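Here's a quick walk through one structure, from the ligand outwards to the salt bridges and a bit of the core. Have the viewer open and follow along.

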Amino acid sequence: MKIEAFELTKDDYAPLADLMNAVYTDNLSTPDEMEYFENSREAKCKSYKWRLKVGDEWAGFGEIRNVSDFYHPDKYWLNMVVHPDHRNRGYGQALWVAIEAKARELDAIKLRTAVKEDWEYALRFCDKQGMVEMFRGWESALDLQNLDPTPILAQAEKARQSGIAIKSLAELRSDPDRDRKTYEVSVETEMDAPSIEPITKISFETFVEHTFKNPNFIEEAFFIALDGDRYVGTTAMWLTQGHPERVYTGLTGVLRDYRRRGIASALKLRGLEWAKNAGYKETVTWNATINRPMLSINEALGFEKRPAWVEYHYIMREEACRSSA
Ligand SMILES: CC(C)(COP(=O)(O)OP(=O)(O)OC[C@H]1O[C@@H](n2cnc3c(N)ncnc32)[C@H](O)[C@@H]1OP(=O)(O)O)[C@@H](O)C(=O)NCCC(=O)NCCS
């Protein structure tokens, strides 16, 4: 067994995807998606990576990186996996020792990571390292072939009657300010999503890179709620190349002054009908377990909850954590 710090090169994406997909079996990624994700990282977001090899085989991978949506130079997202065939041999612990030492050298404030609540071995591992559970988010899925919009039809109709129109970005191509207005409504509403860390308002350039240039972006399935020519709400369906029969539901958000008027319901309805008509079998989404507004709508639509993702924090500098939270 050998652990080496490394930087990703073109040839690494295929073995890395194989390794990650052996662990994240419900959320598969392709090498192309991983390459896009790596190349679209903002320059200010640093990343440090390690691979654990047994012979030529990739048996483990670790990474700490700053993330755009929760940017702090001294806070890192931690990814760490050991291939199921190589577990219970101390490889995870060895990777963690390398990662933790680097994080100390960087004077990190904290590391964040997430594991599924039914991954008992991973929960035990996090507990053993002294990580603390901070937050939970449900992954939930809806079978699109059985989509029954009845429970939210009245709310959606309320939005329509108050003059709100729902259009896709494809239908809004003639608006010269479309991209900037999409950015504004997306970042403004995202700031209100429940989160344990302060959410960063990303720049327009980063939004363009992460949205319009994302290979999983669908112009016909990114929807805007309009009050005249004002963009007041949004929702979007995203491709996921490891699951061609599935679309992910991304952020649904409505400006504060426009809430409780049925606008999110109208947006969801349009998005789900698009996905069903396009032939997708299911949609998957993630919601904080404390996000009652969004959960209410998804529960009414029949989204079924899967095991939650448990977010753990590894606090390295308690004082700094308190002043930067
Ligand atoms: C979640 C969100 C999009 C809902 O938008 P909305 O347009 O206000 O939702 P709707 O008007 O369509 O609500 C439909 C139903 O959902 C439920 N609901 C909505 N907001 C609720 C709230 N604050 N508390 C309890 N139930 C709520 C109600 O049953 C409501 O019907 P009613 O108003 O007739 O009682 C909005 O609160 C928001 O933008 N939040 C911040 C961003 C966010 O968290 N997005 C989700 C990230 S996963």
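## Around the ligand

Let's start with a backbone contact: an N or O atom of the Ala 264 main chain sits 2.9 Å from an oxygen atom of the ligand. Keep in mind that this is a predicted model. Two side chains also bring polar atoms up to ligand oxygens: Asn 291 at 2.9 Å, and Gln 155 at 3.1 Å. How much of the ligand does the protein bury? On its own the ligand exposes 930 Å², and the protein buries 78% of that.

The elements that each put two or more residues into the shell are α5 (150–161), β11 (253–254), α8 (263–277), β12 (282–288) and α9 (292–301). Which of them gives the most? That would be α9, with 4 residues. There are 24 residues around the ligand, and the ones that come nearest are Thr 252, Val 254, Arg 260, Gly 262 and Ser 265. By character, the shell splits into 10 nonpolar, 9 polar and 5 charged residues.

## Salt bridges

The structure holds 33 salt bridges. Here are three worth clicking on, with the N to O separation for each.

| Basic residue | Acidic residue | N to O separation |
|---|---|---|
| Lys 102 | Glu 105 | 3.1 Å |
| Arg 317 | Asp 107 | 3.4 Å |
| Arg 136 | Glu 117 | 2.7 Å |

Take the Lys 102 pair to begin with. Lys 102 and Glu 105 both belong to helix α3 (residues 91–105), and because they are 3 residues apart there, about one helical turn separates them. An α-helix has 3.6 residues a turn, so residues three or four places apart point the same way. Glu 105 itself is exposed, at 61% relative accessible area.

The Arg 317 bridge to Asp 107 is a long-range one in sequence terms: Arg 317 lies in the loop between β13 (304–315) and α10 (318–324), while Asp 107 is in the loop between α3 and β5 (110–116), so the pair ties together parts 210 residues apart in sequence. Are these two residues buried, partly exposed or exposed? Arg 317 is partly exposed, with 27% relative accessible area, and Asp 107 is partly exposed too, at 43%.

Then there's Arg 136 with Glu 117. Arg 136 is in strand β6 (residues 132–143) and Glu 117 in the loop between β5 and α4 (120–128), so this bridge links parts that are 19 residues apart in sequence. Arg 136 counts as partly exposed at 28% relative accessibility, and Glu 117 as partly exposed at 31%. Elsewhere, salt bridges with shared partners join Glu 38, Arg 41, Lys 49, Glu 63 and Arg 65 into one network.

## Helix α1 and strand β4

Now for some buried residues. In helix α1 (residues 13–23) the buried ones are Tyr 13, Leu 16, Ala 17, Leu 19, Met 20, Asn 21 and Val 23. What do they pack against? Their partners are α2 (31–39), β3 (57–65) and β4 (75–82).

Strand β4 is also home to Leu 78, which is buried at 3% relative accessibility. Leaving aside residues up to four places away in sequence, Leu 78 touches Glu 63, Ile 64, Trp 96, Ile 99, Leu 111, Arg 112, Thr 113 and Met 131. Glu 63 is a name you've already met, in the salt-bridge network. Leu 78 and Asn 66, 12 residues apart in sequence, have their C-alpha atoms 9.1 Å apart in space.

Notes:
Residues are numbered from 1 along each chain as its sequence is written. This is a predicted model: local features need pLDDT of at least 70, side-chain atom pairs count only at pLDDT 80 or more; totals for chains, interfaces and linings use all residues. Side-chain values use heavy atoms; hydrogens and water are left out. A residue is near a molecule or strand if one of its heavy atoms lies within 4 Å of it. A polar contact is a pair of N or O atoms within 3.5 Å; within protein, one must be able to donate a hydrogen and the other to accept it, and residues adjacent in sequence count only if both atoms are side-chain atoms. Accessible areas come from the Shrake-Rupley method with a 1.4 Å probe; for residues, only the protein chains shown count as cover. Ala, Val, Leu, Ile, Met, Phe, Trp, Tyr, Cys and Pro count as nonpolar, Asp, Glu, Lys and Arg as charged, and the others, Gly among them, as polar. A salt bridge is a side-chain nitrogen of Lys or Arg within 4 Å of a carboxyl oxygen of Asp or Glu. Buried means under 20% relative accessible area, exposed over 50%, partly exposed in between (1.4 Å probe, protein chains only). Contact means heavy atoms within 4.5 Å.
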